[in-house]
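Please find below a short note on the structure, set out as numbered points. It moves from the chain as a whole to the surroundings of the ligand.

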Amino acid sequence: MVGELPFMKLSGAGNDFIVLAEEDAADLDLSWLARRLCTRALSLGADGIIVVGAERSDAARIRFYNPDGSLAEMCGNGSRCAARYAVERGLVQGPEFHLLTDSGDLPVMARPDGRFEVVMPEPEQVRFDAMTVEAGEEQWPLHALWVGVPHAVVFVPDVERHSDEHLTALGRALRYDDKHFPAGTNVNFVEVAPDRPIRQRTYERGVEALTKACGTGATATAFVVHTLLDRPWPVDLVVDGGRLTVDQRDGRLWLIGDARIIARGTLSPEALAW
Ligand SMILES: N[C@@H](CCC[C@H](N)C(=O)O)C(=O)O
């Protein structure tokens, strides 16, 4: 029986997470915990849980679990939320420190404007024009790459014209396309126009739905748009839950955005009892 569990809930550009201290969650099956806690309406609900552990005064250890209980090697928005949590709980001394993730050691900085910025894993396994997406009369080019987790970046001429249901159906079909994506994929539907921020909507693996933002997805998109369309750094993106910026400095990609505390408290055992 799990007792009262201290938690914080944070949102990064609308991607929301339940964050727990490693010491409080030590004896728990984290995959099971994620499936229980992330279910909206029956429990607190979130796009994932993050477990944060003290390591050194300049480094915290973090692990992400998706709502379906799978372990995600990386989460961009979750990294900023974990960084804010680590500062709030006094696990690290800011403003510059490191997050130790399953995708490596990621430098992070608490900015004077209240936002956080975190170095993202270097894009790998890049396949430009990996396939074409058939969407009714239209054909959309899809670029595939890995930014800690797998991503597809699909260029869509007018993304706002497509309903949530349509993008969800297309995203789900691609996510489960084992031929092109043996490990599954997150799918970013992206509209690029000159002189305005990129508009991005994301179907997330492990959530199996559109979420309000995806930080690794924003990074994947920025990399593709910079490389193929010469978009200069920094690249700004509008997502359903706010704004994200991806910049390149010292040859590394930085994800910049908010990390807002929504709630602090204790989870009742009944949050898990359903
Ligand atoms: N929301 C995330 C991505 C989290 C991982 C993803 N669900 C997966 O398993 O691939 C982000 O902000 O990067």
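How many helices and how many strands does the protein chain have?

1. The model discussed here is predicted. Its protein chain has five helices and 18 strands. The radius of gyration of this chain is 18 Å, close to the 19 Å given by the globule rule for 274 residues, so the chain is as compact as a globular protein of that length.

2. The extent of the chain can also be described by a box. Taken along the principal axes, the box filled by the C-alpha atoms is roughly 55 × 45 × 30 Å.

3. Two figures describe the packing of the chain. Of the 274 residues, 47% are buried. Among contacts with a separation of 6 or more, 63% join residues 24 or more positions apart in the sequence.

4. The ligand deserves separate attention. It is surrounded by 16 residues, of which the closest are Gly76, Asn77, Val149, Gly215 and Thr216. By class, the shell around the ligand consists of nine polar, five nonpolar and two charged residues.

5. Which helices each supply at least two residues of this shell? They are α3, spanning 76–88, and α5, spanning 215–229. The largest share, three residues, comes from α3.

6. Where does the ligand lie with respect to the domains? Domain 1 comprises 5–115 together with 258–271, and domain 2 comprises 124–251. Both domains give residues to the shell around the ligand, and therefore the ligand lies between them.

Methods. Residues numbered from 1 in each chain as written. Predicted model: local features only at pLDDT ≥ 70, side-chain atom pairs only at ≥ 80, totals over all residues. Helix = DSSP H or I, 4+ residues; strand = E, 2+ residues; numbered from the N terminus. Rg over C-alpha atoms; globule rule 2.2 N^0.38 Å. Buried ≥ 20, exposed ≤ 12 C-beta atoms within 10 Å, placed from the backbone. Contact = placed C-beta atoms within 7 Å. Near = placed C-beta within 6 Å. Nonpolar A, V, L, I, M, F, W, Y, C, P; charged D, E, K, R; others polar. Domains from an automatic or database assignment.
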